[in-house]
Amino acid sequence: MKRLEMSGIYKAFNDIPVLKDVHLTVEAGEVHALLGENGAGKSTLMNVLTGVYRRDAGKILFDGKELNNTSVKQTEQQGIAFVHQELNLFNDLLVYENIFLGKEYTNKFGKLDKKRMKDEAKKLFAELEVEIDPDEKVEELTPSQKQLLEISKALFFNAKLLILDEPTTSLNNQEIDHLFRIIRRLKEKGTSFIFISHKMPEIFEIADRYTVLMNGTFIGEGNIVDTNPEAITKMMVGSNYSAEENYQTRACGDTILEIKNFTGHGFRNVNLDVKKGEIVGMTGLQGSGSSELLQGIFGVTRADGGTIHVNGENVPLHSIHKAMKHKIAMLPANRKENSVIADMSLLENMYLAEHTLSAKQFQISKKKEEGKFEKYKKLLNVKAQNSADPITSLSGGNQQKVFLARWLNTEAEILLLDNPTQGIDVGAKAEIYKLILDLAESGKTILINTLEIPELQKVADRCAVFYDGELVKMLKHEEINEETVMMYSTNAVNAGEAR
Ligand SMILES: Nc1ncnc2c1ncn2[C@@H]1O[C@H](COP(=O)(O)OP(=O)(O)OP(=O)(O)O)[C@@H](O)[C@H]1O
């Protein structure tokens with residue numbers, strides 16, 4: 001049975017067409033991957049479906065009935081739920097209060113029936129094998145629990161189609177397995193999913209069918225079993241397709257960064273020497289210390305002991321300003337929370353880091369900066385009309401590229417990149433890897449933290465694996481593979497068994 005049929009969908013912003021005659025069909029009990037480069041129109045199509053945006057033309061049938069919704073609330077009532085990357089939960093409220101917000105159960109005296117709400121929440125969590133206490137405050141939950149809460153909340157009100165937008169971004173491998181188990185179980189009961197992701201392996205693991213968009217147009221659809229990642233990539237990038245370059249060993253210079261017995265928030269006793277022009281990968285499960293170490297080096301979080309030297313000079317700890325003075329720059333993870341200055345234009349966002357670093361007033365020599373803007377826009381294939389546009393008018397992935405350009409544009413010698421390709425499409429990922437390799441070739445030193453092993457295999461000369469706050473293993477380039485990384489990052493080496 002067809003759960004959803006969107007046909008002939010058109011949508012323009014300021015007379016610029018973003019969706020042109022797009023169609024999308026999703027069956028009942030199916031996981032449908034919606035694929036396309038950054039800026040292809042995926043979020044806009046979903047926003048049209050859920051009533052955030054009004055379509056300019058086109059028809060939407062949901063379970064055979066025409067949908068002409070003009071609000072998100074109406075769409076939810078019809079059974080469509082959008083589980084966003086930035087979850088729509090209220091951190092100050094308790095779990096059950098979040099579920100029943102605006103739809104509270106009351107008893108015959110008109111008072112809130114807390115017991116019934118908590119019991120119902122418990123029942124649903126048990127069915128989904130989700131371990132969440134209805135009485136817990138939402139801010140206490142892990143990112144994975146928050147996401148499962150959002151999904152549970154949708155199911156509670158009989159959602160028949162769930163839109164998952166990059167749902168695995170902040171999940172570790174075990175949490176991804178858990179999410180996929182829940183998706184499979186719900187699928188069997190007839191629930192449909194639209195799954196938006198830039199991670200090929202998970203698309204091939206979980207999706208049944210796919211639709212590809214490019215520049216706002218429909219390119220194709222089909223069964224996942226009938227295709228392969230290369231064919232999908234070609235559909236997504238069209239004539240921009242180029243095979244990825246392979247890693248090659250490079251000659252590195254003398255030691256530039258020396259970290260000794262460094263202990264701080266989330267990591268301890270780290271010893272690490274890095275050579276000029278070297279790319280050192282860092283990985284580990286969420287909270288293992290790899291991301292926390294980068295924050296410690298950059299002075300974002302407290303340090304409890306140890307030393308950092310750059311070119312033999314001592315770098316005072318806990319000071320971002322001092323770290324920058326020693327030519328260290330950092331691209332933080334969760335760029336949406338940490339990096340967007342929403343009121344600023346693209347150009348201003350891109351140039352912020354350079355101007356902070358040189359401690360100049362934020363004054364732009366327009367012509368020079370426009371030139372650099374065009375260079376990075378082209379290099380990273382940023383889909384944007386005009387450098388004066390607000391950053392918020394860009395698609396999520398294109399915003400990420402602007403932040404990356406922001407840091408690549410500094411005079412820094414040591415770049416700390418925390419999850420640099422999060423939310424970035426396959427074509428642009430390849431461009432970013434090439435850029436990282438080129439930067440190292442030109443003598444910049446790079447520490448890159450990521451959960452994606454193929455990424456490390458493409459760029460890292462060595463890879464530091466973290467477990468429970470400690471650097472437990474340094475792998476040589478040729479030793480980096482999923483299995484070995486997993487062995488060390490789950491401490492299976494000591495437990496005597498792999499996952
Ligand atoms: N509110 C808006 N105003 C103007 N342009 C917009 C608006 N929302 C989206 N766009 C433009 O529409 C195009 C499609 O963006 P959309 O967010 O749908 O892409 P996407 O496929 O979801 O990308 P990503 O993978 O990066 O999230 C982009 O060029 C974007 O700049």
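This passage describes the fold, the ligand site, the salt bridges and some backbone details of a predicted model.

The protein chain contains 18 helices and 20 strands. It has 499 residues, of which 50% count as buried. Contacts between residues with a separation of 6 or more were examined by distance along the sequence. Of these contacts, 66% come from residues 24 or more positions apart. The exposed area of the protein chain is about 22900 Å². Carbon and sulfur atoms supply 46% of that area.

The ligand is surrounded by 18 residues. The closest are Lys42, Ser43, Thr44, Ser395 and Gly397. By class, the shell divides into 5 nonpolar, 11 polar and 2 charged residues. Both backbone and side-chain atoms approach the ligand. At Gly41, a polar backbone atom is 2.9 Å from an oxygen atom of the ligand. At Lys42, a polar side-chain atom lies 2.7 Å from a ligand oxygen. Tyr53 faces a nitrogen atom of the ligand instead, with a polar side-chain atom at 3.5 Å. Taken alone, the ligand exposes 640 Å². The protein buries 79% of that area. Two helices each give two or more residues to the shell around the ligand: helix H1 (42-49) and helix H14 (396-408).

Salt bridges were searched for across the whole structure, and 22 were found. One of them joins Arg209 to Glu30, with the closest N and O atoms 2.8 Å apart. Arg209 sits in strand E9 (residues 209-214). Glu30 sits in the loop between strand E2 (16-27) and strand E3 (31-35). The two residues are 179 residues apart, and the pair links distant parts of the chain. Both partners fall under the 20% cut-off for burial. Arg209 counts as buried because its relative accessibility is 14%. Glu30 counts as buried because its relative accessibility is 5%.

A second salt bridge forms between the side chains of Asp63 and Lys160, at 3.0 Å from N to O. This pair also links distant parts of the chain, with the two positions 97 residues apart. Asp63 is in the loop between strand E4 (57-62) and strand E5 (65-66). Lys160 is in the loop between helix H5 (143-156) and strand E7 (161-165). Asp63 has 25% relative accessibility, so it counts as partly exposed. Lys160 has 33% relative accessibility, so it too counts as partly exposed.

In a third salt bridge, Glu129 pairs with Arg185, and the closest N and O atoms are 3.5 Å apart. Glu129 lies in the loop between helix H4 (114-127) and H5, and Arg185 lies in helix H6 (residues 173-188), so the pair ties together parts 56 residues apart in sequence. Arg185 has a relative accessible area of 28% and is therefore partly exposed. Some salt bridges share partners. Arg3, Asp63 and Lys160 are joined in this way into one network.

Backbone angles were considered next. Most residues other than glycine have a negative phi. Asp15 has a positive phi, near 70°. Asp15 lies in the loop between strand E1 (2-13) and E2. With a relative accessibility of 77%, Asp15 counts as exposed. Asn261 also has a positive phi, near 40°. Asn261 is located in strand E11 (residues 255-264). Its relative accessible area is 45%, so Asn261 is partly exposed.

The last position described is Phe109. Phe109 is found in the loop between helix H3 (95-99) and H4. Its relative accessibility is 69%, so Phe109 counts as exposed. Phe109 and Glu127 are 18 residues apart along the chain. Their C-alpha atoms are separated by 31 Å.

Note on methods:
Residues are numbered from 1 along each chain as its sequence is written. This is a predicted model: local features need pLDDT of at least 70, side-chain atom pairs count only at pLDDT 80 or more; totals for chains, interfaces and linings use all residues. Side-chain values use heavy atoms; hydrogens and water are left out. A residue is near a molecule or strand if one of its heavy atoms lies within 4 Å of it. A polar contact is a pair of N or O atoms within 3.5 Å; within protein, one must be able to donate a hydrogen and the other to accept it, and residues adjacent in sequence count only if both atoms are side-chain atoms. Accessible areas come from the Shrake-Rupley method with a 1.4 Å probe; for residues, only the protein chains shown count as cover. Helices (H or I, at least four residues) and strands (E, at least two) are DSSP runs, numbered from the N terminus. Ala, Val, Leu, Ile, Met, Phe, Trp, Tyr, Cys and Pro count as nonpolar, Asp, Glu, Lys and Arg as charged, and the others, Gly among them, as polar. Buried means under 20% relative accessible area, exposed over 50%, partly exposed in between (1.4 Å probe, protein chains only). Contact means heavy atoms within 4.5 Å. A salt bridge is a side-chain nitrogen of Lys or Arg within 4 Å of a carboxyl oxygen of Asp or Glu.
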